[in-house]
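Please open the structure in your viewer and keep the selection panel at hand. The tour below goes from one selection to the next and says what is there at each stop.

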Amino acid sequence: MITVNTEDSGSKGAGNMSGPRRNTKFLMFMIHVNYAIYGISSHLQGGAFPFVSKKLGVDPTTWGYLQTTIAVAQLAGCPIFGRFGDLYGGRAAMTLTFLGMMVENLLVVMAFSGGIPLLFISRAPMLFIHPMTAFQMVVSDLSDEKTRADALAKLNIVSTIGRILGPTIAGWLVEHYGESFTCLVAASMSALCVTLVWVFVPASTKQVDEEKAETSSQNKPSLFDYREILRLLRIPAVAELLGIKMFCSIAFFLLNSMMPIIQMEVFKMSPQEYGYFGTYLGIVYLICFSCVSPLTKRLSDINVMRVSELFVTIGDFGLALSNNYWQAGLAFLPRCFGDGILATMINSGLSKGVSAQDTGGVMGLSLSAGHVPHMITPPIAAYLFETFGYRSIGIGCFAINSVLTVYLFRRKDAPST
């Protein structure tokens, strides 16, 4: 008998539900609530951090090194974090993530007295901060293959609440109360998430075979067993999807790693304008993720991927021609639309290609595939920005995504196992 393991003595909210179906619905609701709070908290700190850096005298080159530090920490932690979630459950993974976020925000506050070195140290908790891996793992566990893309898209829709509210709230808080207060509010919200996780989320959400559960627990592999990671990488569809994700992430981080600097230095945005622009992008992503379900019902997976990547390429071309943030906002319309749908389709394909016991591991690898480019692109983006101007970044992104668009249109079918 296959069941979702939602029983846990320390999780009264989930344990007292009557019936697996009701348990799953309530659990999915709590997952969405936590993801919405995380989204707001993340964008509060994200909205304050560029202005903290500016006050401490961080130049574009140093900013690039900061982004590389984040990428190194995330890359080192992603695969292990995914295995951690598979072995110890969604509740433990979420708790570790939110505790990391709380420490990160407190270190950013302390950076005002410690200077730029402490600003770099504040990136160290990113080693444990992988909310997307944790939440996507749990949602993948609670959905079947037919509804997987739709379930992941709904999770992303919830995340746009943070994208919409977070930047605006962050801009207002920074403008009126300062960066330190904004980060303290973000830390408090992370503490709230830890509480909600321990009260309502069960220890494990894996679909387990009750007859084999005892045997699986006795033969549990080590957290640092890299043979398990290599086993996933040997799956052809997983390897190809990770390759696609890595390639498109080069263009993504080439632009996004320098976008705060471009907004402040080129477009001269104030904290509130910076927040409004982030809210606008959140609304665009909300519309984007709402389109995933209709698109997957009418088009094949490969056609959805083709259309989404084509939109990203068009957006990059528009960004290369932008002269102000109004034009950049128009260019971000197709770029965000395509980027959000493509990311959802890749994660859906990855989760379908592995067993329920490996969803955390493969989601960790998915984020790792994105963080490899994130590790090398910020210094390159900083060099292009300082030497050739911000348009060169848009041209580079357009060239990279054009190559990926041609590859997807030449491919007959989506990667499958």
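**First stop: H11 against H16**

Select Val 238, Leu 241, Leu 242, Ile 244, Lys 245, Cys 248, Ala 251, Phe 252, Leu 255 and Asn 256 in H11, and then add Phe 332, Arg 335, Asp 339, Leu 342, Ile 346, Asn 347, Gly 349 and Leu 350 in H16, which are the residues they meet. Coloured by class, the residues of this contact divide into twelve nonpolar, three polar and three charged. The model on display is a predicted one.

Now extend the selection to the whole of helix H11, residues 236-256, and the whole of helix H16, residues 325-352, whose axes lie 10 Å apart and pack at an angle of about 155°. Because an angle over 145 degrees counts as roughly antiparallel, H11 and H16 are roughly antiparallel to each other. Looking along the line from one helix to the other, you will find that H11 passes H16 in a left-handed crossing.

**Second stop: H15 against H18**

Next, select helix H15, residues 301-321, together with helix H18, residues 391-410; their axes come within 8 Å and cross at roughly 160°. H15 and H18 are therefore roughly antiparallel to each other, and H15 passes H18 in a left-handed crossing. To display the contact itself, pick Ile 302, Met 305, Arg 306, Glu 309, Leu 310, Val 312, Thr 313, Asp 316, Phe 317, Ala 320 and Leu 321 of H15, and with them Arg 391, Gly 394, Ile 395, Cys 397, Phe 398, Asn 401, Ser 402, Leu 404, Thr 405, Leu 408 and Phe 409 of H18. The residues of the contact of H15 with H18 divide into 13 nonpolar, five polar and four charged.

**Third stop: Ser 53**

Move on to helix H2, residues 20-55, and select Ser 53 within it. Is Ser 53 buried or exposed? Its relative accessible area is 1%, and since buried means under 20%, Ser 53 is buried. If residues up to four places away in sequence are left out, Ser 53 touches Val 58, Trp 63, Leu 66 and Leu 119.

**Last stop: the whole protein**

Finally, clear the selection and show the protein as a whole, in which there are 18 helices and two strands. Of its 417 residues, 56% are buried, while the protein exposes about 17600 Å², with carbon and sulfur atoms supplying 65% of that area. Among the contacts with a separation of 6 or more, 86% are accounted for by residues 24 or more positions apart.

Note on methods. Residues are numbered from 1 along each chain as its sequence is written. This is a predicted model: local features need pLDDT of at least 70, side-chain atom pairs count only at pLDDT 80 or more; totals for chains, interfaces and linings use all residues. Side-chain values use heavy atoms; hydrogens and water are left out. Helices (H or I, at least four residues) and strands (E, at least two) are DSSP runs, numbered from the N terminus. Buried means under 20% relative accessible area, exposed over 50%, partly exposed in between (1.4 Å probe, protein chains only). Contact means heavy atoms within 4.5 Å. Accessible areas come from the Shrake-Rupley method with a 1.4 Å probe; for residues, only the protein chains shown count as cover. Axes are lines fitted to C-alpha atoms, for helices over the stretch in contact, and angles run from 0 to 180 degrees between N-to-C directions. Angles under 35 degrees count as roughly parallel, over 145 as roughly antiparallel, 65 to 115 as roughly perpendicular and the rest as oblique. A crossing is left-handed if the near helix is turned anticlockwise from the far one by less than a right angle, and right-handed if clockwise. Ala, Val, Leu, Ile, Met, Phe, Trp, Tyr, Cys and Pro count as nonpolar, Asp, Glu, Lys and Arg as charged, and the others, Gly among them, as polar.
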